[in-house]
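Me: I'd like a close look at one thing here: the side-chain contacts. Go through them pair by pair, please, and say where each partner sits.

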Amino acid sequence: MPGPSNTLLIEGSFEELADELSHYLDEVKRKQGDTNTAIQTEITPLLEQNQKDEVLKKLVTGSAVLNSAPEKEFIAAYNLLVHLVRQSSNPNIFLPRICQNLSAPVTSSPTNGPGLALSVLTTIFNILPQDNDVRYHVFLAILRVIRSSGSFELLRPQLKNLDAWITQWETDEEDQRKLYLSIAEVAEEASEEEQSYLYLLRALRTIASEDTSSPEARFG
């Protein structure tokens with residue numbers, strides 16, 4: 001779960017690592033019976049033209065196949081992808097798709113899949129600056145994985161940080177409400193009725209706050 005910031009220590013140039021990852025993605029696809037155009041073939045001319053973001057689009061789009069990669073290779077492959085994305089001038093456009101993939105079942109490891117996904121999501125969360133609002137979307141993905149695995153105890157220690165995070169991300173009422181409702185659902189799935197009720201109340205208060213601040217409320 002989220003904790004102190006950390007870094008990814010991966011050696012190699014962008015070109016070398018992107019080529020390595022594309023080859024790996026193609027191998028996983030091939031083993032799944034997918035014989036469509038190889039990602040490595042698609043990105044080679046883009047690398048030669050130094051079109052880094054176009055390369056990343058191909059890699060991130062193709063990365064959904066990592067959820068069927070061997071368990072022992074899952075974290076390393078995703079960490080390499082995240083490392084490459086961080087070298088973009090605008091990594092925030094790629095991270096939500098990666099989080100979406102990590103929220104999906106890890107078909108190669110039904111038992112340990114949630115733990116693997118949480119490990120990568122936690123890394124993404126921790127390497128982002130504290131005021132980066134993409135952390136909000138990463139946290140929602142973490143909540144989806146925790147809900148699917150019934151691991152509320154992993155979430156509980158982090159709830160004390162929630163108010164500070166919301167302030168850092170400058171989260172508006174609508175997004176706060178979505179976050180509180182997600183936490184309430186995770187708690188309900190884990191039979192944590194008191195926690196679920198608490199966050200449902202917090203969600204309701206965001207509606208009251210919106211009503212109070214609306215023009216109709218002020219001038220009606």
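Reply: One bit of vocabulary before we start: a residue is buried under 20% relative accessible area, exposed over 50%, and partly exposed in between (1.4 Å probe, protein chains only). What you're looking at is a predicted model, in which local features need pLDDT of at least 70 and side-chain atom pairs count only at pLDDT 80 or more, while totals for chains, interfaces and linings use all residues. Numbering runs from 1 along each chain as its sequence is written, and side-chain values use heavy atoms, with hydrogens and water left out.

Some background on the fold. The protein has 12 helices and zero strands (DSSP runs numbered from the N terminus: H or I of at least four residues for helices, E of at least two for strands). Along the sequence, that reads as α-α-α-α-α-α-α-α-α-α-α-α. Along the principal axes, the C-alpha atoms fill a box of roughly 60 × 40 × 30 Å. Of the 220 residues, 43% are buried.

Now the charged contacts. The structure holds eight salt bridges, each being a side-chain nitrogen of Lys or Arg within 4 Å of a carboxyl oxygen of Asp or Glu. Take Glu42 and Lys58, whose closest N and O atoms are 4.0 Å apart. Glu42 belongs to helix H2 and Lys58 to helix H3, so this bridge ties together parts that are 16 residues apart in sequence. How accessible are the two ends? Glu42 counts as partly exposed because its relative accessibility is 30%, and Lys58 counts as partly exposed too, at 33%.

Then there's Arg202 with Asp163, where the closest N and O atoms come to 2.5 Å. That one links distant parts of the chain: Arg202 is in helix H11 (residues 193-213), Asp163 is in helix H9 (residues 162-169), and 39 residues separate them. Asp163 has 43% relative accessibility, so it's partly exposed.

Another bridge joins the side chains of Glu153 and Arg156, at 2.6 Å from N to O. Glu153 is exposed because its relative accessible area is 52%, whereas Arg156, with 30%, is partly exposed. Elsewhere, salt bridges link Arg147, Glu185 and Glu189 into a network.

On to the rings. The structure holds eight aromatic pairs (rings of Phe, Tyr and Trp, using the six-membered ring of Trp, with centres within 6.5 Å; planes under 30 degrees apart are stacked, over 60 edge-to-face, the rest tilted). Phe125 and Trp165 make one of these pairs, edge-to-face, with 5.1 Å centre to centre and 65° between the planes. Phe125 sits in helix H6 (residues 113-127) and Trp165 in helix H9, so here the pair ties together parts that are 40 residues apart in sequence. Both Phe125 and Trp165 are buried.

Which other ring pairs with Trp165? That's Phe139, again edge-to-face, at 5.3 Å centre to centre and 65° between the planes. Phe139 lies in helix H7 (residues 134-149), so this contact with Trp165 in helix H9 ties together parts that are 26 residues apart in sequence. Phe139 is buried, just as Trp165 is.

Put those two pairs in context and you get one aromatic cluster made of Phe125, Tyr136, Phe139, Trp165 and Trp169. Helix H9 is worth a second glance on your screen, as Trp165 lies there and so does Asp163, the partner of Arg202.

One contact mixes the two themes: Lys52 lies over the face of Phe14, 4.9 Å from the ring centre. For that label, NZ of Lys or CZ of Arg has to be within 6 Å of the ring centre and within 35 degrees of the ring normal.

Last stop, a backbone approach rather than a side-chain one. Ala77 and Tyr24 are 53 residues apart in sequence, and their C-alpha atoms are 8.3 Å apart in space. Ala77 is part of helix H4 (residues 71-85). Is Ala77 buried or exposed? Its relative accessibility is 6%, so Ala77 counts as buried.
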